[in-house]
Amino acid sequence: GLNGEVCLCERFDASVKRWWVQLRSGEIKLLQAGNLEDADACDYSWWNGDDAEQLRRGTDVCVRGLGGILDLNGASGRCERWDELKGRWLVRLRSGRLVAVRPENLQVSTAD
């Protein structure tokens with residue numbers, strides 16, 4: 001599923017009553033308007049790749065844009081440490097699970 005994914009609405013196709021949307025990966029999908037919601041400033045920051053610069057130990061994050069382990073998309077957690085060899089942050093999810101995630105798949109969380 002795409003729940004919680006950020007996309008760019010390119011155009012509305014009246015013939016099929018769907019929006020042509022571009023995912024951050026570059027993939028194009030056709031989605032019904034009812035399956036879309038407005039983005040906020042955090043979404044724009046993540047889309048532009050600005051969040052990677054803000055990642056530090058203790059930063060609260062949300063996992064976004066994973067293609068392999070889809071069930072992790074939308075999961076919240078906290079950056080524990082940077083793994084230089086893997087080029088990934090070790091993130092402790094709220095569930096307690098520790099996962100290694102590339103910076104471009106982490107959105108800085110504004111939730112308390």
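**Charges and strands in a predicted model**

The protein carries 16 positive and 18 negative side chains, counting Lys and Arg as positive and Asp and Glu as negative, with His and the chain ends left out. This is a predicted model, where local features need pLDDT of at least 70, side-chain atom pairs count only at pLDDT 80 or more, and totals for chains, interfaces and linings use all residues. Residues are numbered from 1 along each chain as its sequence is written, and side-chain values use heavy atoms, without hydrogens and water.

Trainee: How far apart do the centres of the positive and negative sets lie?
Mentor: Each charge is placed at NZ of Lys, CZ of Arg, CG of Asp or CD of Glu. For the 16 positive and 18 negative side chains, the two centres lie apart by 6 Å.

Trainee: What share of the 112 residues is buried?
Mentor: Buried means under 20% relative accessible area with a 1.4 Å probe, protein chains only. By that cut-off, the share of the 112 residues is 30%.

Trainee: Which strands stand at the edges of the open sheet?
Mentor: Strands here are DSSP runs of E, at least two residues, numbered from the N terminus, and two of them pair if DSSP finds at least two bridges between them. The open sheet has three strands in the order β1-β2-β3, paired antiparallel. Each edge strand has a single partner, so one side of it lacks a neighbour in the sheet; these are β1 (7-13) and β3 (28-31).

Trainee: Which residue in β2 stands opposite Phe12?
Mentor: β1 pairs with β2 (residues 18-23) in the antiparallel sense over six bridges. Opposite Phe12, in β2, stands Trp19.

Key: Buried means under 20% relative accessible area, exposed over 50%, partly exposed in between (1.4 Å probe, protein chains only). Helices (H or I, at least four residues) and strands (E, at least two) are DSSP runs, numbered from the N terminus.
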